[in-house]
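Trainee: I would like to practise reading enclosed and open spaces, and then a helix, from a set of coordinates. Please take me through one example.

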Amino acid sequence: MSTLQHQELFSLLHQGVSKAEKRGTSVLVSQVLSVAAVDPLSFYAAGSSTYKNDRTFWSDPENDTTIVGLGRMNQFQANSDRFRTIEEEWQRFLEGAIIEGAPSRPGVGPVLLGGFSFDPSAPESGEWGSFPEGGMVLPEIMLTSALDQAWLTINAVVSVEDDPEKLSEALLKQHANLLNKITTVYSSDVEAFSIEEINPDQWKETVRSAAENIREGQLDKVVLAREIKLKSTQSFSSTRTLSNLKEQQSDSYVFAFEYGGECFLGASPERLVKREGQQVYSTCLAGSIQRGISEEQDEALGQELLYDQKNRIEHDLVVQMIRTAMEEECEFVQVPSTPEILKTPHIQHLFTPVVARASKRTSLLRMVERLHPTPALGGYPQVEAVNEIKRIENLDRGWYAGPVGWVDYQGNGEFAVAIRSGLLNGDQATLYAGCGIVGDSDPDSEYEETKMKFKPMLTALGGKKYD
């Protein structure tokens, strides 16, 4: 950082202290600097020592926005009324904020990153004890990358007791130490790990029971998930795993959130909702089939999926629910009449994009609350399906299948659905996968579908083919 930028930071912090004295409360000060291109994963890795257990990572499929957050300048957590509470606290926190150098581009400047559990009322196993039901973090230092541009945001919350000179010196020293640690050399993949199936026969029986309940008319669809446990000869590296996911799942949202020594990370193909200015986007993604070993077989499988009645019913339920939510919260909603095929490295999906224009009352976190969980993650009708999951699934989902993403100080942001994901804890990991159950679901076929959905994370962690 140059002397001029040093003086700018000191001046901003001085303004913040003065403003805090007048307001009688602390004030957020954010300085944004345009910087030379930095590899986001290298930036994430460089923070492992100074900001251990306090890192966040987010990238979208288009590489339009990659955000890496280090440290926690402030955090917002809530168990009940999670989305509204965090949004209101974030807006209050931004009052009086001093933000310097931020372009109008989304994702630059003060940004909250985090996520929410699938169901805050579900029984807890303790495995997710470090993660709040709803938690979003304002990093101390944040890198935003977009194609060939990059910005560094330095956040500080100042009060009347702070010394601007000492605070600026401390921030600059931390910044310099961080840049000196940047490297493109990451730890290697784990050499080997064992895989433990968790009660597969019991899970199949649960599928059989759920399908029977659906045939009896108790609900239309329920999404059931299961888990597998991994044990390695060495600690799993979130940096190496993210690097593999970025390479192997380039058409997905790649994310990581650290809490209390654990890291929840994954590569999801499914957007929940995005807001950029007045434009609002969502995605209907439900119904899946494997990829083919040849181009001809792959095309045939895609066509089979496109005309499969079970999968089309699943998909149409998602489209119906998302369309209704968007029409209630936004204006000029556009939904194609038929789905497309979205191909990822291991799986093909039915896919329908939804576009709308924000109304005066539209907010990103309100939309997240309104859309979660979609029928692709919970089932349909929503309340009955979530209650059925709670009753029969016997799994603590934690943040799996919940919304994860970011929102900036201008109200822009994006949330994905946290599927194709896992929880890392030293030399152990838990991976999650689920599938939609309808009346004619076959337990063995659904079990095979979950095996297919485990593959992205198993491969990224260094595993061989999962048979």
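Mentor: This is a predicted model. Begin with the closed spaces: there are three cavities of 30 Å³ or more.

Trainee: What is the volume of the largest cavity, and which residues are closest to its centre?

Mentor: The volume of the largest cavity is about 240 Å³. It is lined by 20 residues, of which Leu285, Ala376, Arg420, Gly434 and Lys453 are the closest to the centre.

Trainee: Which elements give two or more residues to the lining of the largest cavity?

Mentor: They are S11, strand S15 (279-290), H8, strand S23 (428-437) and helix H11 (443-460). S15 gives the most, with four residues.

Trainee: How does the lining of the largest cavity divide by class?

Mentor: Eight residues are nonpolar, six are polar and six are charged.

Trainee: Now the open spaces. What is the volume of the largest pocket?

Mentor: The largest pocket has a volume of about 620 Å³. Its lining comprises 35 residues, and those closest to the centre are Pro123, Asn394, Leu395, Asp396 and Arg397.

Trainee: Which elements supply at least two residues each to the lining of the largest pocket?

Mentor: Helix H5 (200-215), strand S11 (221-232) and helix H10 (382-392) do so. H10 gives the most, with four residues. By class, the pocket lining has 15 nonpolar, 10 polar and 10 charged residues.

Trainee: Let us stay with H5 for a single residue. Is lysine 204 buried or exposed?

Mentor: A residue counts as buried under 20% relative accessible area. Lysine 204, which lies in helix H5, has a relative accessible area of 19%, so lysine 204 is buried. Leaving aside neighbours within four places in sequence, lysine 204 is in contact with Pro443, Asp444 and Tyr447.

Trainee: Next, helix length. Why should helix H8 span 30 Å?

Mentor: The expected span is 1.5 Å times one less than the number of residues. Helix H8 (residues 309-329) has 21 residues, so the expected span is 30 Å, and the end C-alpha atoms are 30 Å apart, which agrees.

Trainee: What is found at the start of H8?

Mentor: A side-chain oxygen of aspartate 308 comes within 3.3 Å of the backbone nitrogen of lysine 310.

Trainee: And which residues of H8 are buried?

Mentor: Lys310, Asn311, Glu314, His315, Leu317, Val318, Val319, Met321, Ile322, Ala325, Met326 and Glu329 are buried. H8 also appeared earlier, among the elements that give two or more residues to the lining of the largest cavity.

Methods
Residues are numbered from 1 along each chain as its sequence is written. This is a predicted model: local features need pLDDT of at least 70, side-chain atom pairs count only at pLDDT 80 or more; totals for chains, interfaces and linings use all residues. Side-chain values use heavy atoms; hydrogens and water are left out. Buried means under 20% relative accessible area, exposed over 50%, partly exposed in between (1.4 Å probe, protein chains only). A polar contact is a pair of N or O atoms within 3.5 Å; within protein, one must be able to donate a hydrogen and the other to accept it, and residues adjacent in sequence count only if both atoms are side-chain atoms. On a 1 Å grid over the protein atoms alone, a cavity is a set of points where a 1.4 Å probe fits but cannot get out, and a pocket is an open set with protein on both sides within 12 Å along at least five of seven lines; lining residues have an atom within 4 Å of a point. Grid points are joined across faces, edges and corners, and a volume is the space filled by probe spheres set on the points. Ala, Val, Leu, Ile, Met, Phe, Trp, Tyr, Cys and Pro count as nonpolar, Asp, Glu, Lys and Arg as charged, and the others, Gly among them, as polar. Contact means heavy atoms within 4.5 Å.
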